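Have a look at this model and let's walk through it together, one contact and one helix at a time.

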Amino acid sequence: MKCMNHNVPIALLNISVNWYGMCTVDVQWDNAFSDVICLQCGVRQGCVLSPVLFTVYVNDVIMALSASGYVCYFHGMFVGCFMYADDLLLLSPSFCDLQLMIDICCAELEGIDV
């Protein structure tokens, strides 16, 4: 739904759903391999599209933090959070505001089942 809200063409969505729907993994330890299992969620590791999809998926968290007013700004630019992959750094002018930011993150991430 998030991709559709960003006007991603349906044909590209269908290809992505099909491609990500067939993800399998196994584990290698020395010369031994585990059974192959199908992934039920997440994005492909090392795929160039994965960071973009993850960004679309979590963008609402950043937008909610930016709109909250509890965050830091530098020359009018929002610098209250930095995200890279699954890491999130929050910057706040006070401990109380930081807790409010964490509460916002929890609520937003809960809403997208993260």
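Start with the side chains of D60 and K2, which meet in a salt bridge, with 2.5 Å from N to O. This pair ties together distant parts of the chain: D60 sits in helix α3 (residues 50-68), while K2 belongs to helix α1 (residues 2-5), 58 residues apart. The count for this predicted model comes to one salt bridge. As for how covered D60 is, its relative accessibility is 38%, so this residue counts as partly exposed.

Now move along to helix α2 (residues 10-21). With 12 residues at 1.5 Å a residue, α2 should span 16 Å, and its end C-alpha atoms are indeed 16 Å apart, so the two agree.

Which residues of α2 are buried? They are L13, S16 and Y20. These three cover an arc of only 65° around the axis, so they lie on the same side of α2. The spacing fits a simple rule of thumb: an α-helix has 3.6 residues a turn, so residues three or four places apart point the same way. Turn to the face of α2 that points away from its buried side, and you'll find the exposed residues A11, N14, I15 and G21. And what covers the buried residues of α2? The cover includes α1 and α3.

Last stop, the surface. M1, M4 and I10 make a nonpolar patch of about 340 Å² there. Of these, M1 is placed in the segment before α1. Since exposed means over 50% relative accessible area, M1 counts as exposed because its relative accessibility is 71%.

Note on methods: Residues numbered from 1 in each chain as written. Predicted model: local features only at pLDDT ≥ 70, side-chain atom pairs only at ≥ 80, totals over all residues. Heavy atoms only, no water. Salt bridge = Lys/Arg side-chain N within 4 Å of Asp/Glu carboxyl O. Helix = DSSP H or I, 4+ residues; strand = E, 2+ residues; numbered from the N terminus. Buried < 20%, exposed > 50% of the residue type's maximum accessible area, 1.4 Å probe, protein only. Expected span 1.5 Å × (residues − 1). Arc of directions from axis to C-beta. Contact = heavy atoms within 4.5 Å. Patch = residues over 30% accessible without salt bridge, like charges linked within 9 Å, V, L, I, M, F, W, Y side chains within 5 Å. Areas by Shrake-Rupley, 256 points an atom, 1.4 Å probe, with all protein chains shown as cover.
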